[in-house]
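Reader: Please take one part of this model and go through it closely. I would like the terms spelled out with their cut-offs as they come up.

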Amino acid sequence: MISVIRKITICSLLILSVFAAVPVFANKGEDRVTVDRDVRFRRGEISASVSARIARGTTHLYRVRARAGQEMAIVLKTGGRTSATVFAPTQGILEGADGVRQTLVGLPETGEYLIQIGTDAAASYTLEVTIH
């Protein structure tokens, strides 16, 4: 009887250890978000900039509130392996704003837009955002 309980316990521990290891393998190729913050505009200003350093395998997210009908210009000053993608509040990636370092896009809806910075190599960058 004790040996049966021991076998069940050992099997249970082995099964739990396998399930505990699954998320490690599932996330291996995904980027980590290490910056997630709002872009702040000074009172009366239409442009703002942020500077940072990004590590390989990480993603930086910047949030910008804007209204439908406005335009957003972004300029990402950085090395060749770093780019930006702009997401609308509910409509996904904006046309002409995927994997870019410079773009001007019309904004289709009011809400919080997301600018995602990604890289294949560590880099310093400056992101300039203009809303008009």
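Author: Strands (E, at least two residues) are DSSP runs, numbered from the N terminus, as are helices (H or I, at least four). Thr 126 has its place in one of these runs, strand E9, and E9 is the part I will follow. The model is predicted, so local features need pLDDT of at least 70 and side-chain atom pairs count only at pLDDT 80 or more, while totals for chains, interfaces and linings use all residues. Residues are numbered from 1 along each chain as its sequence is written, and side-chain values use heavy atoms, leaving out hydrogens and water.

Strand E9 covers residues 123-131. Within it, Thr 126 is partly exposed, at a relative accessible area of 23%. That word refers to the range between buried (under 20%) and exposed (over 50%), with a 1.4 Å probe and protein chains only. In space, the C-alpha of Thr 126 is 5.2 Å from that of Lys 77, although the two residues are 49 apart in sequence. Lys 77 falls in strand E4, which spans residues 71-77.

The sheet accounts for that arrangement on paper: E9 stands between E2 and E4 in an open sheet of four strands, ordered E2-E9-E4-E7. Its pairing is antiparallel; two strands count as paired if DSSP finds at least two bridges between them. Strands of a sheet pair through backbone hydrogen bonds, and these can be parallel or antiparallel. At the edges are E2 (47-54) and E7 (102-106), each of which pairs on one side only. E4 and E7 are joined in the antiparallel sense over five bridges, and Met 72 has Val 105 of E7 opposite it.

E9 also carries a ring worth a look. Tyr 125 forms an aromatic pair with Tyr 62, edge-to-face, with 6.5 Å between the centres and 80° between the planes. Rings of Phe, Tyr and Trp (its six-membered ring) pair if their centres lie within 6.5 Å; planes under 30 degrees apart are stacked, over 60 edge-to-face, and the rest tilted. By this rule the count is one aromatic pair. Tyr 62 lies in strand E3 (residues 58-66) and Tyr 125 in E9, so the pair ties together parts 63 residues apart in sequence. Both Tyr 62 and Tyr 125 are buried.

For contrast in setting, consider strand E5 (residues 82-88). Five of its seven residues are buried, so this strand is mostly covered. E5 has antiparallel partners: six bridges join E5 to E8 (residues 111-119), where Ala 84 stands opposite Ile 117. Four more bridges in the antiparallel sense link E5 with E6 (residues 92-100), and the bridge partner of Thr 85 there is Asp 98.

E5 and E6 make a hairpin, with three residues between them. Thr 90 sits in the loop between these strands and is exposed, with a relative accessible area of 65%. Its C-alpha is 8.3 Å from that of Glu 109, a residue 19 positions away along the chain.

To return to E9: Thr 126 in this strand is partly exposed, whereas Tyr 125 is buried. In a regular strand the side chains alternate between the two faces of the sheet.
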